[in-house]
Amino acid sequence: MKFGKRLKQQMQGTLPGWRDKFLSYKHLKKIVKLIASAAPMLLNGSLEYGKAEAEFVYLLNNEIDKFNAFFVEQEEDFIIRNKELQQRIQKVIDRWGSNGSQPSKAIYEEEVGKVRKDIVDFHGEMVLLVNYSNINYTGLAKILKKYDKRTGALLRLPFIQKILEQPFFTTDNISKLVKECENTIDAVFPVEEEEEERKREVKEAITVAGEGIFRNTVAALLTMQEIRRGSSTYSQYSLPPLNLPADNDLIQLFQLSPPIPIV
């Protein structure tokens with residue numbers, strides 16, 4: 001699948017408020033084509049050529065600023081939401097848990113179920129943000145490759161080095177939060193109950209349009225695996241491979257049904 005089509009699918013499958021935050025890939029491709037078509041008339045190194053390249057770099061920098069602003073805002077929001085979820089869990093345990101101030105198995109299970117659903121949704125949104133970082137980086141790398149190939153310039157290497165230092169590319173904090181969510185689920189929910197409940201929720205999410213974020217989270221994971229997969233064009237600009245377990249219930253169920261738009 002061509003990258004432009006893959007990016008379009010990801011934009012359709014993500015959260016509505018995120019769709020205009022992705023790379024303007026189609027527009028940048030048109031700019032590259034225009035510059036490349038004019039290249040024979042512009043002497044490389046001339047004032048005219050330098051102006052055209054400066055305008056292209058200006059557009060790329062605007063895209064990076066857009067990514068950074070959105071990514072940092074989401075990251076800060078996720079940190080706050082993670083703390084709130086941890087506090088909610090503790091309140092439920094302290095009040096309705098077996099050693100709580102008002103022990104009640106029925107209320108405890110009901111309240112924990114509510115928090116659990118929020119944790120699953122929260123986890124899914126964070127996976128979508130990691131995918132957002134991956135797919136926009138990949139798009140920039142592809143655009144820069146096209147530019148160098150069609151114009152004979154050497155813009156990709158220095159620009160990629162700049163991208164690697166950008167906030168939107170640094171997903172360490174989000175990855176830690178994802179792991180915290182997984183650890184929380186392991187700690188709060190018994191393994192046997194968690195496994196059966198997880199399978200049930202996966203099946204429901206796959207078949208019910210209202211739970212589209214769950215299915216599109218899996219789509220994001222598969223996209224990350226695909227764009228990180230080594231190939232004949234794998235280079236120092238490529239992201240490291242992401243290996244997903246082939247027997248994972250999420251993956252198997254998702255493959256029976258494509259990602260859906262979230263409206």
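What share of the 263 residues of the protein count as buried? In this predicted model, the figure comes to 44%. The fold behind that number is helical throughout: there are 9 helices and 0 strands, and reading along the sequence gives α-α-α-α-α-α-α-α-α.

Helix H4, which covers residues 105-151, is a good place to start. With 47 residues at 1.5 Å a residue, H4 should span 69 Å, and its end C-alpha atoms sit 68 Å apart, so expectation and model agree. Within H4 lies Val112, a buried residue with a relative accessible area of 11%. Val112 pairs up in space with Val92: their C-alpha atoms are 7.0 Å apart, although 20 residues separate the two in sequence.

At the other end of the numbering of H4 comes Thr151, also part of this helix. Thr151 has a relative accessible area of 11%, and since buried means under 20%, Thr151 counts as buried. Its side chain is busy with the backbone on both sides. A polar atom of the Thr151 side chain lies 2.6 Å from the backbone oxygen of Tyr147, and the side chain of Thr151 also reaches the backbone nitrogen of Ala153, at 3.2 Å. Between Thr151 and Ala153, just after H4, sits Gly152 with a positive phi of about 80°.

Tyr147 turns up again when the aromatic side chains are considered. A search of the whole structure turns up 10 aromatic pairs. One of them joins Phe3 and Tyr25, whose ring centres are 4.9 Å apart; the planes meet at 65°, so this pair is edge-to-face. Phe3 belongs to helix H1 (residues 3-13) and Tyr25 to helix H2 (residues 25-38), so the contact links distant parts of the chain, 22 residues apart. Both of these residues, Phe3 and Tyr25, are buried.

Phe56 and Tyr147 make a pair of another kind, a stacked one, with 4.5 Å from centre to centre and 10° between the planes. Because Phe56 lies in helix H3 and Tyr147 in helix H4, this pair ties together parts of the chain that are 91 residues apart in sequence. Phe56 and Tyr147 are buried as well. Beyond pairs, there is an aromatic cluster made up of Trp18, Phe22, Phe67, Phe70, Tyr132 and Phe168.

Then there is the empty space. Rolling a probe the size of a water molecule over the atoms shows where such space is left. The structure holds 2 cavities of 30 Å³ or more, and the second largest has a volume of about 30 Å³. Which residues line the second largest cavity? They are Asn82, Leu85, Gln86, Ile89, Ile119, Cys181 and Thr184. Two elements give two or more residues to this lining, namely helix H3 (47-96) and helix H6 (172-188). H3 supplies the largest share, with 4 residues. By character, the lining of the second largest cavity divides into 4 nonpolar and 3 polar residues, with no charged ones.

Helix H3 thus comes up in two of these settings: H3 carries Phe56 of the stacked pair with Tyr147, and H3 gives the second largest cavity the largest share of its lining.

Notes. Residues numbered from 1 in each chain as written. Predicted model: local features only at pLDDT ≥ 70, side-chain atom pairs only at ≥ 80, totals over all residues. Heavy atoms only, no water. 1 Å grid on protein atoms, 1.4 Å probe; cavity = no way out; pocket = protein on both sides within 12 Å on 5 of 7 lines; lining within 4 Å. Points joined across faces, edges and corners; volume = space filled by probe spheres on them. Nonpolar A, V, L, I, M, F, W, Y, C, P; charged D, E, K, R; others polar. Phe/Tyr/Trp six-rings, centres within 6.5 Å; stacked < 30°, edge-to-face > 60°. Buried < 20%, exposed > 50% of the residue type's maximum accessible area, 1.4 Å probe, protein only. Expected span 1.5 Å × (residues − 1). Polar contact = N/O pair within 3.5 Å; in protein donor to acceptor, adjacent residues only side chain to side chain.
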